[in-house]
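Hi everyone, thanks for coming. Have a look at what's on the screen, and then let's talk through how the chains meet.

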Number of protein chains: 2
Amino acid sequence: MSASPSQDIPGLVWNRSGFVGLTGSLLALSEAIDRRFLGLAALFSAGRQSFGPLLSVDDLRRVDYFSAFPHIVMFPACAARGEAALHRFAHDNGAQVEGSLRVGETADVDSVLAPAACYGVFIGMRNTDIGRSPRVVTVRGTCFRAESEFTPLVRQPCFSMREIVHLGDESSVSDFLARARGKVEDLAGEWDLPASVLVATDPFFDPARSPKYLHARLFPTKLELVQDGIAIASFNNHRNFFGQAFEISCSGEHLHTACVAFGIERWVGAILRRHGSDPARWPVKLESSPDSPC
Amino acid sequence: MSASPSQDIPGLVWNRSGFVGLTGSLLALSEAIDRRFLGLAALFSAGRQSFGPLLSVDDLRRVDYFSAFPHIVMFPACAARGEAALHRFAHDNGAQVEGSLRVGETADVDSVLAPAACYGVFIGMRNTDIGRSPRVVTVRGTCFRAESEFTPLVRQPCFSMREIVHLGDESSVSDFLARARGKVEDLAGEWDLPASVLVATDPFFDPARSPKYLHARLFPTKLELVQDGIAIASFNNHRNFFGQAFEISCSGEHLHTACVAFGIERWVGAILRRHGSDPARWPVKLESSPDSPC
């Protein structure tokens, strides 16, 4: 599959299997955007955490992820262990073969590729009590979602997500989301990105049968910042869903949580759509030299 | 699956499905280590690039990856598209189910989870000529390898790799590797990590049948920096292998390439084994405040 620099966007490299790379000024733009998100996180005194993209199947079952989002989940697989199966896999996928991978028999799958960055935070805090004071954490993660379409910088099967996650009680969660929404709208204004905050629902697989979907419709807990029809940020009130699922409490009560999530490649795309591909016209302050160590 | 802060290492969160997270000072250590690697890259005037971890099956076939490393390759899979298959996947993996994921019928697999960070560089340069001057690029990527064992910070199915990649001719590649080796040995010395450079071979699946293995044995092109029996860096002379595979040239000749690769989590582990878990005893300079924006 041929991958070459995109004709349209200097510095963007991709092919239709989902391979996406950023080079030169485009990478500097992506890093500068994320630095601003880190700056927002610092306004909330967020501590930084970092998680790899493998989550256990058990942990996602705990939030009934596979029932609600079977069409989105991606998981890492490998050929069945054992000489015979590995020889077959090697033989079936030699250099002369064409087309999709010939998968054959696979080993047991006990992990899933993270669909969002914040899961690691909740999983990592399982069975703890955070005490009285709310906490804020920021994480950046590589996320994977099975999508029926692929457009680089818009809809990618693999993308980077920055999240600011608030952990507290019902009232601190509301305060956080209101304040965060204001700060994110300010940032969109500063970068001259015309965008609107809209009520959204998560893309449940079978909404008619999903009690969670009904709940989400009745009590909207997800807002999205939408530019050109594309959600570039979301504001999510999880109520005590993750607190219950992972037995995390706040002074003895199930923890309430919320997050603000940014699709980093989508912000890069938003800047390009609005301001073009000439770095001199971007409203985002890049590092003085994109090639110098940070 | 229970994930909780490790009893042994403050700030490390993991469970045996391959889930690994770094928090607090441990994350700051990991970031400080990578900043030093970026500093090394800057000595070679490396430009920065960044690639997501999805590589096309076609591109890995081009380097005969599946024949040489069928036991290592991991690929992203998802349930077959279509209502019936998705309903079955959802039903088979409900909240009450236990054990491994019930995979069922999967959609076609056209991408692979990157086993190393440098592939993106070569794939992105396919069908180009770099002209006369050698170039150096640095990339950090999330990498995946099917492993029979899992030890956090030592042998992870998913880990972070920093690479410094040199692109040029036979002689510039040799010069780069010699100079890079010296710089990396100096860094290990500065951080008081007793380590040795040893000749290594890539872990071919079936060495006896692999002409590449024979070639690698006859003309060693891989060295590893080994501490406590664990390779924390490797120095790889690819000769013109990737230049041929991806039709990249250097003044009309097939490009020669080399890379220095660092397993970031392994360096974190190396510092902890040598200096303990108290940040005050680490020889690596952390940011003044690990929670401040970088």
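Let's start with one residue: A:Gly21 has B:Phe51 as its bridge partner in β4(B). That belongs to a pairing of strand β3 of chain A (residues 20-23) with strand β4 of chain B (residues 47-51), which run antiparallel and are joined by three bridges. Strands here are DSSP runs of E with at least two residues, helices are runs of H or I with at least four, and both are numbered from the N terminus; two strands pair if DSSP finds at least two bridges between them.

Quick housekeeping: this is a predicted model, where local features need pLDDT of at least 70 and side-chain atom pairs count only at pLDDT 80 or more, while totals for chains, interfaces and linings use all residues. Residues are numbered from 1 along each chain as its sequence is written, and chains are lettered from A and ligands numbered from 1 in the order in which they are written.

Now flip it: strand β4 of chain A (residues 47-51) pairs antiparallel with strand β3 of chain B (residues 20-23), again over three bridges. There, A:Gln49 is partnered with B:Thr23.

Within chain B, β4(B) also runs parallel to strand β8 (residues 135-144), with three bridges, and B:Arg48 has B:Thr138 as its bridge partner there.

So how many residues make up the contact? Chain A brings 77 and chain B 76, counting residues whose C-beta atoms, placed from the backbone, lie within 7 Å. Helix α1 of chain A (residues 24-43) gives the most to chain A's side, six residues.

How values were computed:
Two residues are in contact if their C-beta atoms, placed from the backbone, lie within 7 Å.
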